[in-house]
Amino acid sequence: MEMSDLLQRLILQSGDTSFSAARGTATSLIEEKGLPSRKNEEYKYTNISKILERNFGEFAGNIESATDLKSLIPTLSENQLVFVNGVYTEDLSNYQLPVGITIDKLEENSSAIASGVDKNSDEFLLLNTSNLSTGVVIKIAKSTVIESPLVLIHITDSSKNQAVAHPRVVIKAAQHTQATIAELFIGNACPPNWRGDSLSFTNAVTEISCAADSVVSYVKIGNESPNQLHVGNTRVEVAEKSVFNAVTVNFGGKMVRNNLYIALNGSHSEANLDGLYVTDNKEHVDNHTVVDHKVPNCNSNELYKGIMNGSSKGIFNGKIFVRQDAQVTNAFQSNKNILLSDNATINTKPQLEIWADDVKCSHGCTTGKLDKEQLFYLRARGIGEHSAKLMLLDAYANEVIEKINDENLRTYVQQILRNKIDE
Amino acid sequence: MLKVKNLKASIEGKEILKGINLEVKPGEVHAIMGPNGSGKSTLSAVLAGREEYTVDGGSVEFLGKNIFDSSPEERAREGLFLAFQYPIEIPGVSTTNFLRAAVNQVREHRGLPKLDAVQFLKTMKEKMQIVDIDQALLKRSLNEGFSGGEKKRNEIFQMAMLEPKLSILDETDSGLDIDALKIVANGVNKLKSPDNATIVITHYQRLLDFVIPDFVHVLYNGQIVKSGTKELAYELEERGYDWIKAEHANA
């Protein structure tokens, strides 16, 4: 099949041959499948291909990046790795790695890529793989406990030109480790009026493996510009007696799609997934999650909350698979939404597929406005309507934010939230 | 302080208040009694500014100003306080943080400097004595998981913190056992001064044994049909409301 013009432009040529086999496979698969259209059930509400088609017609690769990116970078931890348009950038990074953590370049460690691709792979995972030229592998050695979180900051810099980034991160936590790893996505926006509606596109893949007896917390913060496109595939493999915690917060964008896939491969393991999405204007944020219970005696707990204003759109799709062997499974899922305007929408879809019989599963979703009774109570005590609303939204969002187990990260997220809802 | 003249109000087209007249002066305690459905809670809701009620006629002056020109928060800042019959639970907002925001917005309105964290805590500790409320409770989410008695005590505690000029206690006694009732009533009495006034809305006379009213009004079918002194409350306790209904039906 002839590769579409769009794909041809999105698959960048690179001289590095470390990944030629993986790239070759992924490229032929994505050529065959094409990027997902609206007819693709998984991307029914999020037709990102159409926007790419419309806006990347003349895209010819990343041209140059701004020189003053340093001012964009918040200080969140002693250990920060910075990536610009998907490329690890030593100058902007700052870390004194604790004993037990090593960071290698993926190109020198190409076997570390965990996700083999096949025809069922997500199209954007394929696209990322067909672009592989660089990335990082973070290894946490056996029995290491890391106090301060490791923060990866991805800047998609489209200040001079449209930008496309395909960051690739591999995290391997060995047995009996404990660590918090955060990924922050920020944008350096296009200058206004560049072709009227300039956009950048981040297509991130993060692969995490948690060996037995590990406790790994992962935080993904999306705070790119309102005119950015973002697709993220986070794929997690969890071994026995391990706990994996994910908190995914997103503050909007032109179109954002998070695919979080967690496989519970070892018994007595646990996954906790919390999410928050806050959107305004015409923003669009889509969270797809999969928890795959493959073995007995595992637990998963999921809570995603949304706040939507303007004519923005939220999508939540939460799949829980309980395989035939996965007896004595507990799986809980909840999605709650507050719509602040009549034009905001949410599409929410829980999807439970259960083949085992000794299972406790539940799911639920709610959508509503701010509680009038609560609002009146606060106002009747002298609190102004605006600050009463902020107080209630803060409290609502905090149920998710407080799951972030690091104070600096929590404070940072609370500040972004406050700025966003106080517009 | 409060002048209600021929107040008429409805909800969803249903007329509830059919011409209320009431005047409350500083230092006074008024009790408003009446059978269920007579309009007691509607009166307090309209005074506090609930938006789902429509005012169809009459006027209410609070401290010389037309109350209907002000939002609920402005009324509160001016010194109107409603102790809710069913205090609302607000998960994720601690009583302490909520009250600090409230106290400071009220103080700002009154031209007083904001209280910093230390001053606020000091004031809070003083006022906690009044209703014997535990600080641990105040760190928790507002009213969430509180017992009925704890919720009502929290209302009076908030009243103590906000130092209102006119307090309306909407069935504060409902669901309270005698010990909790005494604590709440004791709190209300401690906050009484010649400058402030209280309206006690109740179905029963019991609370009025502890918070002694200067005037008792009987609300029936959206109107005040009888006013008197505290003896009227005893009479109502003795005879129930049927004779009022009968008298009013015949009238």
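**Exercise 1. Determine where Val243(A) lies and whether it is buried or exposed.**

Step 1. Val243(A) belongs to strand S12 of chain A, residues 243-250. Strands (E, at least two residues) and helices (H or I, at least four) are DSSP runs, numbered from the N terminus. The model is a predicted one, in which local features need pLDDT of at least 70, side-chain atom pairs count only at pLDDT 80 or more, and totals for chains, interfaces and linings use all residues. Residues are numbered from 1 along each chain as its sequence is written, chains are lettered from A and ligands numbered from 1 in the order in which they are written, and side-chain values use heavy atoms, with hydrogens and water left out.

Step 2. The relative accessibility of Val243(A) is 23%, so this residue counts as partly exposed. Buried means under 20% relative accessible area, exposed over 50%, and partly exposed in between (1.4 Å probe, protein chains only).

Step 3. Not counting residues up to four places away in sequence, Val243(A) touches Ser214(A), Val215(A), Val216(A), Glu270(A) and Asn272(A). Contact means heavy atoms within 4.5 Å.

Step 4. Ala211(A) is 32 residues from Val243(A) along the chain, and their C-alpha atoms are separated by 9.9 Å.

**Exercise 2. State where Lys241(A) and Asn6(B) are placed and what phi each has.**

Step 1. Most residues other than glycine have a negative phi.

Step 2. Lys241(A) is not a glycine, yet its phi is positive, at about 55 degrees. This lysine, Lys241(A), is found in the loop between strand S11 (228-238) and S12 of chain A.

Step 3. Asn6(B) also has a positive phi, near 45 degrees. Its place is in strand S1 of chain B, residues 2-11. With a relative accessible area of 40%, Asn6(B) is partly exposed.

**Exercise 3. Classify two loop residues of chain A, Gly86(A) and Glu402(A), as buried or exposed.**

Step 1. Gly86(A) is placed in the loop between strand S1 (79-84) and strand S2 (87-88) of chain A. Its relative accessibility is 8%, so Gly86(A) counts as buried.

Step 2. Leaving aside residues up to four places away in sequence, Gly86(A) touches Thr134(A), Ala165(A) and Pro167(A). Gly86(A) and Thr156(A) are 70 residues apart in sequence, with 7.6 Å from C-alpha to C-alpha.

Step 3. Glu402(A) has its place in the loop between H6 and H7 of chain A. Its relative accessible area is 54%, and Glu402(A) is therefore exposed.

**Exercise 4. Describe how H4(B) packs against H6(B).**

Step 1. Two packed helices are described by the angle between their axes and the distance between the axes.

Step 2. The axes of H4(B) (residues 117-131) and H6(B) (residues 148-162) come within 9 Å and cross at roughly 130 degrees. H4(B) is therefore oblique to H6(B). Axes are lines fitted to C-alpha atoms, for helices over the stretch in contact, and angles run from 0 to 180 degrees between N-to-C directions. Angles under 35 degrees count as roughly parallel, over 145 as roughly antiparallel, 65 to 115 as roughly perpendicular and the rest as oblique.

Step 3. The crossing of H4(B) and H6(B) is right-handed; a crossing is right-handed if the near helix is turned clockwise from the far one by less than a right angle, and left-handed if anticlockwise.

Step 4. H4(B) contributes residues including Phe120(B), Met124(B) and Val131(B), and H6(B) contributes residues including Arg153(B), Phe157(B) and Met161(B). By class, the contact of H4(B) with H6(B) has nine nonpolar, one polar and two charged residues. Here Ala, Val, Leu, Ile, Met, Phe, Trp, Tyr, Cys and Pro count as nonpolar, Asp, Glu, Lys and Arg as charged, and the others, Gly among them, as polar.

**Exercise 5. Give the angle and handedness for H2(A) and H4(A).**

Step 1. H2(A) (residues 20-33) and H4(A) (residues 123-130) pack at an angle of about 140 degrees, with their axes 8 Å apart. The two helices, H2(A) and H4(A), are therefore oblique to each other.

Step 2. Their crossing is left-handed.

Step 3. Among the residues that meet are Ala22(A) and Ile30(A) in H2(A), and Leu126(A) and Ser130(A) in H4(A). The contact of H2(A) with H4(A) divides into five nonpolar, three polar and three charged residues.
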